[in-house]
Amino acid sequence: DSFGEPMPQCLLIGDQHGQIHLVEWTALLVGELTLRLTERVHDGCVERLGWVSELNGMLSCSADGTLKLSDLGDNTIRPRNVLRSPAGQPISSFVWCAAQALVA
């Protein structure tokens, strides 16, 4: 997690309701669905999400016009930084450029 605690391998899934689900990967491999965490992070459909190790956090963007850097830990997802679309338009994607330490 973002606080240095070991976590099992997990899959992050965003949904149309702004929720992000953390699912245990090893359980999926044997046909089980084990939710470790479900948290509403956005007010619109989650368009993209991913873990960025250089930032030690999860980036997610949404139809609500926000890009969020969040911490995972203590059975919660806590936004650390929130960027809003200046025009209030949905944000449908992002890319992390490690060489420049830049989100585009």
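Which ring does the charged end of Arg48 sit over? Keep that in mind while we walk through this predicted model; the answer comes near the end of the tour.

**Stop one: the sheet**

Start by selecting residues 10-14, which are strand S1, then residues 19-24 for S2 and residues 35-40 for S3. Coloured separately, these three strands show an open sheet in the order S1-S2-S3, with antiparallel pairing. S1 and S3 stand at the edges with a single partner strand each, so one side of each has no neighbour in the sheet. Turn the view to look across the strands: from one strand to the next, the twist averages 15°.

**Stop two: the hairpin**

Now hide S3 and look at S1 and S2, which are joined by five bridges and run antiparallel. To find one of the partnerships, select Leu11; its bridge partner in S2 is Val23. Follow the chain through the turn and you will see that four residues separate the two strands of this hairpin. Pick Gly18 there, and check its backbone: phi is positive, at about 85°.

**Stop three: the other side of S2**

Bring S3 back. S2 pairs with S3 over five bridges, again in the antiparallel sense. Select Gln19 and you will find Arg40 of S3 opposite. Move along to Ile20, whose bridge partner in S3 is Glu39.

Is S2 largely enclosed or open to the outside? Switch on a surface and check: five of its six residues are buried, so the rest of the structure largely encloses this strand.

**Stop four: into the core**

Stay with Ile20 and show what surrounds this residue. Leaving aside residues up to four places away in sequence, Ile20 touches a list of residues including Leu12, Leu37, Val41, Val46, Leu49, Met58, Ser60 and Ile77. Next, select the largest nonpolar core, which has nine residues: Leu12, Ile20, Leu22, Leu37, Val41, Val46, Met58, Leu72 and Ile77. A second core, separate from that one, has eight residues, among them Leu59, Leu67, Leu69 and Phe94.

**Last stop: a charge over a ring**

Keep Phe94 selected and add Arg48. Here is the answer to the opening question: the charged end of Arg48 sits over the ring of Phe94, 5.0 Å from the ring's centre. If you go looking for aromatic pairs as well, the count is zero.

Conventions: Residues are numbered from 1 along each chain as its sequence is written. This is a predicted model: local features need pLDDT of at least 70, side-chain atom pairs count only at pLDDT 80 or more; totals for chains, interfaces and linings use all residues. Side-chain values use heavy atoms; hydrogens and water are left out. Buried means under 20% relative accessible area, exposed over 50%, partly exposed in between (1.4 Å probe, protein chains only). Two strands pair if DSSP finds at least two bridges between them. Rings of Phe, Tyr and Trp (its six-membered ring) pair if their centres lie within 6.5 Å; planes under 30 degrees apart count as stacked, over 60 as edge-to-face and the rest as tilted. A charge sits over a ring if NZ of Lys or CZ of Arg is within 6 Å of the ring centre and within 35 degrees of the ring normal. A nonpolar core is a set of buried Ala, Val, Leu, Ile, Met, Phe, Trp, Tyr and Cys residues joined through side-chain atoms within 4.5 Å. Contact means heavy atoms within 4.5 Å. Axes are lines fitted to C-alpha atoms, for helices over the stretch in contact, and angles run from 0 to 180 degrees between N-to-C directions.
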